[in-house]
There are 2 protein chains.
Amino acid sequence: MLELDVKSRVPIYEQLVEKIKELIIMEVLKEHEQLPSVRSLASELTINPNTIQKAYRELENQGYIYSIPGKGNFVAPINKNKKLEKVNKLKEELKRLILEAIYLGITKEELMELYDSVNKEIKEGRR
Amino acid sequence: MLELDVKSRVPIYEQLVEKIKELIIMEVLKEHEQLPSVRSLASELTINPNTIQKAYRELENQGYIYSIPGKGNFVAPINKNKKLEKVNKLKEELKRLILEAIYLGITKEELMELYDSVNKEIKEGRR
DNA sequence: ATAACTGTAATAGTAATGTTAATACAGATA
DNA sequence: TATCTGTATTAACATTACTATTACAGTTAT
């Protein structure tokens, strides 16, 4: 569920943050659902507990989870603004790529084809 | 022309490589055109000559430029396969983002709107 | 030929950052 | 009481990018 790339330039804790954000926004993780404990997740992923804690701390700062000392970390109940935030961020990224694409001569039609091919892959369950 | 972000996670030499690649593919830099010397570019950007050299070396390895010791570094005369490579890479990136976008509920129409807005900006000379 | 450019090379040092390791303490719970 | 949980702290390690410095050789113009 949480696949990490230890050789990546982006640090492990940040990969974790992004992956877990994703799960929360996609509502794979539900409100108030408990996350794996710092230690258990660390041993499962065979990385240091400090790294997990750093990720959880960051998620808490960003309002995605809340923690109860002694009990655990839980999914925060907000999700609406967060989703909008995410959508806007994604759109900005898309615009950046589209700009470059246009300069490289990629047409609107080609972009639509890309959309369709991805959409098809999803429907066929290949993702 | 070459704007660097020293605070970025991606290293300076790699930013340089990408920017210069871009200029070559867009044919802003023409075949056999001489690039700034290692030392002059270094002093212009106020970074170390070694960093420039590392970028040039990388560009040479990737076939974008060639160097003549004692003379300088020059734009290589290939550009066709390189452009295709770049386009394909960009399309892969786009697919990745589109996949995420679909999961977040972004429609094909919204994507088209993004394309149009970027296109409009270009035409209006805002880019 | 000399000076002033070019690229290339090697080495050492510095700085930042992520990660690990080891402990410790306190709240929660069975 | 034992065993979970989160939290905190400190030190050490590893990697990497970048800088600094010096040196050598080819090119070119004066």
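How much of DNA strand C within 4 Å of the protein belongs to sugar or phosphate, and how much to bases? Of the strand's atoms within that distance, 62% belong to sugar or phosphate and the rest to bases.

## Basis of the model

This is a predicted model: local features need pLDDT of at least 70, side-chain atom pairs count only at pLDDT 80 or more, and totals for chains, interfaces and linings use all residues. Residues are numbered from 1 along each chain as its sequence is written, chains are lettered from A and ligands numbered from 1 in the order in which they are written, and side-chain values use heavy atoms, with hydrogens and water left out.

## DNA strand C

DNA strand C is surrounded by 25 residues, of which the closest are Ile12(A), Asn50(A), Arg39(B), Arg57(B) and Ser67(B). A residue is near a strand if one of its heavy atoms lies within 4 Å of it. By class, this surface has 8 nonpolar, 11 polar and 6 charged residues. Here Ala, Val, Leu, Ile, Met, Phe, Trp, Tyr, Cys and Pro count as nonpolar, Asp, Glu, Lys and Arg as charged, and the others, Gly among them, as polar.

Phosphate oxygens of the strand lie 2.6 Å from a polar side-chain atom of Ser67(B), 3.0 Å from a side-chain N or O atom of Ser37(B) and 3.3 Å from a polar side-chain atom of Lys71(A). At least two residues of the surface come from each of helix 1 (12-25) and helix 3 of chain A, and from each of helix 2 (38-45), helix 3, strand 1 (65-68) and strand 2 (72-75) of chain B. Helices (H or I, at least four residues) and strands (E, at least two) are DSSP runs, numbered from the N terminus.

## DNA strand D

DNA strand D also has 25 residues around it, and the closest are Arg39(A), Arg57(A), Ser67(A), Ile12(B) and Asn50(B). Of its atoms within 4 Å of the protein, 60% belong to sugar or phosphate and the rest to bases. The surface near DNA strand D has 8 nonpolar, 11 polar and 6 charged residues.

A backbone N or O atom of Ile12(B) is 2.4 Å from a phosphate oxygen of this strand. For Val38(A), a polar backbone atom is 3.1 Å from a phosphate oxygen, and for Asn73(A) a side-chain N or O atom is 3.2 Å from one.

## Two chains and their interface

A turn of 180 degrees and a shift of 0.0 Å along the axis lay chain A on chain B with an RMSD of 0.1 Å. That is the relation of a two-fold axis. The copies are superposed by least squares on the C-alpha atoms of residues with pLDDT of at least 70 in both. The copies meet through the same surface, because 100% of the interface residues of chain A are also interface residues in chain B.

Glu100(A) lies in helix 4 (residues 80-103) of chain A. Leaving aside residues up to four places away in sequence, Glu100(A) touches Glu22(B), Lys86(B) and Leu90(B), where contact means heavy atoms within 4.5 Å. Glu100(A) is buried, at 17% relative accessible area; buried means under 20%, exposed over 50% and partly exposed in between (1.4 Å probe, protein chains only).

## Loop residues with positive phi

Most residues other than glycine have a negative phi. His32(A) has a positive phi, near 65 degrees, and sits in the loop between helix 1 and helix 2 of chain A. His32(A) is partly exposed, with a relative accessible area of 45%. Phi of Thr46(B) is positive as well, near 50 degrees. Thr46(B) is in the loop between helix 2 and helix 3 of chain B and counts as exposed at 68% relative accessibility.

Key
Polar contact = N/O pair within 3.5 Å; in protein donor to acceptor, adjacent residues only side chain to side chain.
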